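This briefing is meant to be read beside the sequence and the three-dimensional view. It moves by topic through annotated positions, cysteines, the nonpolar core and a strand pairing.

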Amino acid sequence: MIHTNDNKIIKDLVDIDPINEERREKVKEAMLHAWDSYEKYAWGQDELQPQSKNGVNSFGGLGATLIDSLDTLYIMGLEDEFRRAREWVANSLDFNKDYEASVFETTIRVVGGLLSAYDLSGDEIFLEKAKDIADRLLPAWNTPSGIPYNRINLVHGNPHNPGWTGGNSILADSGTEQLEFIALSQRTGDPKYQQKVENVIIQLQKTFPSDGLLPIFINPHSGAASYSTITFGAMGDSFYEYLLKAWIQGNKTETVKHYRKMWETSMEGLLSLIRKTTPSSFTYICEKNGGSLSDKMDELACFVPGMLTLGSSGYGPEKAEKFLSLAKELSWTCYNFYQSTSTKLAGENYYFYVGEDMGIGTSWNILRPETIESLMYLWRFTGNKTYQDWGWDIFQAFEKNSRMDSGYVGLKDVNTGAKDNMMQSFFLAETLKYLYLLFSPPSFFSFDEWVFNTEAHPLRIIPRSDKEEGLGADGKANSRLVTRPFSRKHGRTGYS
């Protein structure tokens, strides 16, 4: 039995607002342009450099853009492109590389991308490859505390942390593997992946601060937090996101309630970091250093409005409205990160000054998705088309400033419009996918059935048994994947 109501989805797609249908098609065309450029100039390499029309292996030559794009191609119904990518994965993807990989980046892009492609297509090759790379990453968790080292050689193992962290592990890098590794255990029937990543949360729970705000550096030997910055931007961000999403992935059951409890504690802590500018009353999130607050916010932290929106439904009515209201305020700030520049593209971070509202700190833009991600969640939960219009504004700014004949590039400076020479893999994985979903009906990839990892790879939510940690008595996942081929418009899957 297919749980997805096929007739309803087809009806939604037929009845889609003509403006949104046109916008969706424009986004799909942008994806096709980005993909064709990658296929022409950088096939099989990690990322395309559009200006020099060549590829670069910034992730050890694992085909990062190709793997990051698999689910976007599938979701948009780009069948031929998906099949060619699948053949490359089957015949050319090789993880046996003498390369010091980031455990975090490899997990969210490669493991997540392969698992999502598996959930969508049911093709076993994606699951086999996901297991292969995960097995190579697994020794990173072999530390005294279970908090993983953040780098590992894909051939030799030898996990370690980069020198600049002083031997510490990074919070986001160590606490953003739960979704992928739990999903891998569910789909393979092998609990070892899940056990490693859930132990991280158990360790952090032991010394979890009363405000739920952890510094960005964690000692992998003791498991204790080291004195360092507290932020919802770089190096902190996705840890908080995964506390919420692991609870959602686990069907919000008793087994995973500690994730939700930790997340709610962290959201109370978040409130202590909220400030407003003058004269325009833009709401923003401070960073914290020791006892003092810094009036700085990364564009990366613009995922927070979406996270708050997604998590608001787990609260009672009063708190739900409080956090949804905060999400709306923060999204207005993030939209204005874009609107405040001459190119209408956001800088990397902003500072806030009394009487002057916001000013750009770091002025580059590397095609990031976070603001669009939040607009998509807000549109889904509120039905307010304003969020779609804001997203369309941002998409048009990318089209005007970042599009070239040979792909898309970031900007070295959002004030001058000077271009860089990199099409980040997450532009195809996240930015364009979230734009496509922003202009799609809310029933399309329902949040009741899918949870998106921090690289925007949708993972199917499957039943998780409290007693058996999500695995059946036979050691297999409790749900059987039922696959659907590409339909008239989109591929769909269900679990029976």
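In this predicted model, Thr454 counts as buried because its relative accessibility is 16%, which falls under the 20% limit used for that term. The residue is found in the loop between β17 (450–452) and β18 (458–460), and UniProt, in an unreviewed entry, places the feature "binding site" at Thr454.

**Surroundings of Thr454**

- Once its neighbours within four places in sequence are left aside, Thr454 is in contact with Phe104, Ile108, Thr176, Ser238, Glu241, Tyr242 and Glu430.

**Positions annotated as active site**

- The unreviewed UniProt entry carries the annotation "active site" for Glu105, Asp237, Glu348 and Glu370; of these residues, Glu105, Asp237 and Glu370 are included in the lining of the largest pocket.
- Asp237 is found in helix α10, which covers residues 237–249, and Asp237 counts as buried because its relative accessibility is 13%.
- Not counting residues up to four places away in sequence, Asp237 touches Ala172, Thr231, Phe232, Leu300 and Phe303.
- Glu370 has its place in helix α14, made up of residues 370–382, and with a relative accessibility of 9% Glu370 counts as buried too.
- Leaving aside neighbours within four places in sequence, Glu370 is in contact with Glu299, Leu300, Cys302 and Phe303; Leu300 and Phe303 also appear among the residues that Asp237 touches.

**Cysteines and the disulfide**

- A disulfide is a covalent bond between the sulfur atoms of two cysteines.
- The structure holds one disulfide, formed by Cys302 and Cys334, whose sulfur atoms are 2.1 Å apart.
- The torsion about the S-S bond of Cys302 and Cys334 is about -95 degrees, and the disulfide is therefore left-handed.
- Because Cys302 lies in the loop between β12 (296–298) and α12 (304–312), while Cys334 lies in helix α13 (residues 317–339), the pair ties together parts that are 32 residues apart in sequence.
- Both Cys302 and Cys334 are buried, and Cys302 is also one of the residues in contact with Glu370, a position that the UniProt record annotates as "active site".
- Which cysteine sulfur is nearest to that of Cys286? The nearest is that of Cys334, 14 Å away, and Cys286 is in no disulfide.
- Cys286 is nevertheless buried, with a relative accessible area of 1%.

**Nonpolar core**

- The largest nonpolar core has 144 residues, and those with the most contacts inside it are Leu114, Phe232, Met267, Leu308 and Phe337.
- Met267 touches Phe232, Tyr240, Met307, Leu308, Tyr315 and Phe323, not counting residues up to four places away in sequence.
- Phe232, which is named among the core residues with the most contacts, is also touched by Asp237, a residue carrying the "active site" annotation in the unreviewed UniProt entry.

**A strand pairing**

- Strand β4 (residues 151–153) and strand β5 (residues 157–160) pair in the antiparallel sense over two bridges.
- How many residues lie between β4 and β5 in the hairpin that they form? There are three residues between these strands, and within the pairing Asn153 stands opposite Gly157 in β5.

Note on methods: Residues are numbered from 1 along each chain as its sequence is written. This is a predicted model: local features need pLDDT of at least 70, side-chain atom pairs count only at pLDDT 80 or more; totals for chains, interfaces and linings use all residues. Side-chain values use heavy atoms; hydrogens and water are left out. Two strands pair if DSSP finds at least two bridges between them. Helices (H or I, at least four residues) and strands (E, at least two) are DSSP runs, numbered from the N terminus. UniProt positions are given in the numbering used here, feature names are shortened, and annotations may be inferred rather than shown by experiment. On a 1 Å grid over the protein atoms alone, a cavity is a set of points where a 1.4 Å probe fits but cannot get out, and a pocket is an open set with protein on both sides within 12 Å along at least five of seven lines; lining residues have an atom within 4 Å of a point. Buried means under 20% relative accessible area, exposed over 50%, partly exposed in between (1.4 Å probe, protein chains only). Contact means heavy atoms within 4.5 Å. A disulfide is a pair of cysteine sulfur atoms within 2.5 Å. A nonpolar core is a set of buried Ala, Val, Leu, Ile, Met, Phe, Trp, Tyr and Cys residues joined through side-chain atoms within 4.5 Å.
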